[in-house]
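Trainee: Before we rely on any label in this model, I would like to hear how each one follows from its definition. Could you take me through them one at a time?

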Amino acid sequence: MADYILAIDQGTTSSRAIIFDKAGSIISTGQLEHEQIFPQAGWVEHNATQIWDNTREVIGQALGKANLTRHDIAAVGITNQRETAVVWDKTTGRPVYNAIVWQDTRTQPIVDRLAADGGVERFKQQVGLPLATYFSGTKIVWILENVPGAREKAEAGDLLFGTTDSWVLWNLTGGVDGGVHATDVTNASRTMFMDLETLAWDDDILAAFGVPKSMLPEIKSSSEVYGHAHSSSLLREVPVAGILGDQQAATFGQAAFDAGESKNTYGTGNFLIFNTGEEIVHSKNGLLTTLGYKLGDAAPHYALEGSIAVTGSLIQWLRDNLGLFSSAPEVEALAKTVEDNGGAYFVPAFSGLFAPYWRPDARGALVGLTRYVNKGHIARAALEATAFQTREVLEAVNADSGVDLTELKVDGGMIANNTLMQFQADILGVPVVRPVVAETTALGAAYAAGLAVGFWSSLDELRANWQEDSRWEPSMDEAERDRQIRLWKKAVTKTFDWVDADVK
């Protein structure tokens with residue numbers, strides 16, 4: 001058998017191909033960033049054609065760096081930014097509009113229209129999600145209503161929709177030449193269209209949204225052979241055998257397979273997932289009910305998720321919009337020039353507030369400013385915002401599950417920031433643990449693909465791969481922790497009710 005698995009990680013800011021060996025160690029990586037397009041306030045888009053072009057190139061980079069060919073690859077796994085919506089013409093293979101990114105808020109009027117009959121929780125019992133701009137369903141509606149000719153083409157059966165896993169899979173397996181149009185249960189559970197119990201598209205919800213069912217990909221498990229790479233690909237004939245949305249993939253890569261296990265990913269946004277096993281748990285505290293994974297014909301595993309819109313992207317904003325530093329890792333050095341936040345609290349509600357508040361009317365606020373505050377304090381406040389938001393999500397998880405987490409497994413780009421990780425442990429009051437292989441998102445997709453083709457034999461084999469790298473113990477006293485949390489919650493209230501009829 002071939003000795004490696006290749007994972008495609010199609011993320012919010014870049015596309016990567018990572019090759020793993022049987023021990024779950026990284027052999028080589030290819031990576032290319034794609035353009036972030038902001039046509040107007042609240043709009044965020046990607047060029048889906050650029051994403052696919054980059055994906056092909058990073059596959060070549062990863063193979064070339066390791067001096068490997070397709071014959072060395074046992075299977076391909078895909079993981080992706082989950083709610084970003086691509087609509088394309090199946091006869092030409094061209095997108096009819098830019099991909100609308102999960103952070104985009106333009107569909108709030110569509111959300112309001114749908115919520116007029118039954119409120120934002122109108123479909124929550126079936127799909128586990130509140131009506132919100134975050135999910136891909138309203139993005140499809142916007143394209144059908146605003147792109148000339150799109151509605152007519154969709155009704156004629158000529159348009160396909162997919163999150164970026166489906167877009168990559170369709171192109172990788174041939175595109176207009178027999179490409180496979182499918183997704184997995186984790187991505188399907190983020191559209192607002194999939195029934196959590198039946199794992200099928202809900203016809204009544206599709207009718208309410210006005211989205212033709214013919215546009216939607218076939219829902220598959222997270223671990224099975226969907227098809228094979230096309231003859232035009234460097235990976236030709238290699239099975240594509242795993243798909244997991246990025247946050248579920250990171251959970252899988254952390255070997256959090258069982259009920260009660262969890263992880264927190266620090267990326268463009270932050271996403272804490274708590275595995276509830278085969279039980280569907282409906283949150284009473286602002287969390288989402290979502291699919292965790294489904295392996296072949298086995299029963300699905302569900303999860304609670306706390307989604308935070310802006311964490312790493314706040315650091316990018318300080319870099320790109322304010323020019324406080326030239327590269328994101330420099331934020332730590334700047335933050336360490338001061339001992340604390342100087343009384344400043346930064347609530348980055350750039351896309352409204354996600355969990356646990358779900359306030360689309362919120363906008364970002366930097367509060368507690370005095371003449372004493374300098375750029376070091378602002379850098380520290382930005383890092384602390386990530387930890388405070390995670391604390392609030394963890395409080396909701398503890399309330400919903402009835403079991404307090406005793407430690408937090410972490411992954412994602414921001415976990416390289418030791419200052420943030422220590423503050424996270426301090427503000428949670430529990431240890432924070434970083435694994436040896438921090439690329440858990442790609443690793444999770446590789447695991448799903450490898451299980452499907454017998455590269456790995458069992459979940460126990462994958463558990464044995466997980467190793468601890470670093471651990472941060474809380475050192476803040478309880479009174480100071482309580483004071484900081486109280487001030488943070490006060491700061492959050494200052495972001496509410498900003499958007500009204502004449503504010504966009």
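Trainee: What makes β3, β2, β1, β5, β12 and β11 an open sheet, and what is the pairing?

Mentor: Strands here are DSSP runs of E with at least two residues, helices are runs of H or I with at least four, and both are numbered from the N terminus; two strands pair if DSSP finds at least two bridges between them. Six strands follow one another in the order β3-β2-β1-β5-β12-β11, with mixed pairing. β3 (26-33) and β11 (223-228) each have a single partner strand, so they stand at the edges and one side of each is left without a neighbour in the sheet. From one strand to the next the twist averages 25°, where axes are lines fitted to C-alpha atoms, for helices over the stretch in contact, and angles run from 0 to 180 degrees between N-to-C directions. The model is predicted, so local features need pLDDT of at least 70 and side-chain atom pairs count only at pLDDT 80 or more, whereas totals for chains, interfaces and linings use all residues. Residues are numbered from 1 along each chain as its sequence is written, and side-chain values use heavy atoms, with hydrogens and water left out.

Trainee: How do you know that β11 and β12 are joined, and in which sense do they run?

Mentor: Three bridges join β11 to β12 (residues 239-245), and the two strands run antiparallel; since a pair requires at least two bridges, the criterion is met. His-228 stands opposite Pro-239 in β12. Helix α1 (residues 48-66) packs on this sheet, touching β1 (4-10), β2 (14-20), β3 and β5 (73-80), with contact taken as heavy atoms within 4.5 Å. The direction of α1 makes about 150° with that of β3.

Trainee: What is the strand order of the open sheet of seven strands, and which strands stand at its edges?

Mentor: The order is β15-β16-β14-β13-β19-β20-β21, again with mixed pairing. β15 (288-293) and β21 (468-472) stand at the edges, because each has a single partner strand and therefore one side without a neighbour in the sheet. Neighbouring strands of this sheet are turned by 30° against each other on average, direction ignored.

Trainee: How many bridges support the pairing of β13 with β19, and how many that of β13 with β14?

Mentor: β13 (residues 262-266) and β19 (residues 408-411) pair in the parallel sense over two bridges, which meets the minimum for a pair; Asp-411 in β19 is the bridge partner of Thr-265. β13 and β14 pair in the antiparallel sense over five bridges, and they form a hairpin with three residues between them. Helix α12 (residues 375-401) packs on the sheet, touching β13, β14, β16 and β19, and its direction makes about 15° with that of β14.

Trainee: Why is β14 called largely enclosed?

Mentor: A residue is buried under 20% relative accessible area, exposed over 50% and partly exposed in between, with a 1.4 Å probe and protein chains only. Eight of the eight residues of β14 are buried, so the strand is largely enclosed by the rest of the structure. Asn-270, Leu-272, Phe-274 and Thr-276 point one way, and Phe-271, Ile-273, Asn-275 and Gly-277 the other way.

Trainee: Is Asn-398 buried or exposed, and how do you know?

Mentor: Asn-398, which lies in helix α12, has a relative accessible area of 17% and is therefore buried. Not counting residues up to four places away in sequence, Asn-398 touches Val-403, Asp-404 and Leu-405.

Trainee: What makes a space a cavity, and how many are found?

Mentor: On a 1 Å grid over the protein atoms alone, a cavity is a set of points where a 1.4 Å probe fits but cannot get out, and lining residues have an atom within 4 Å of a point. The search finds two cavities of 30 Å³ or more. The largest cavity has a volume of about 100 Å³, a volume being the space filled by probe spheres set on the points, which are joined across faces, edges and corners. The second largest cavity has a volume of about 70 Å³, and α9 gives the most to its lining, with three residues.

Methods:
1 Å grid on protein atoms, 1.4 Å probe; cavity = no way out; pocket = protein on both sides within 12 Å on 5 of 7 lines; lining within 4 Å.
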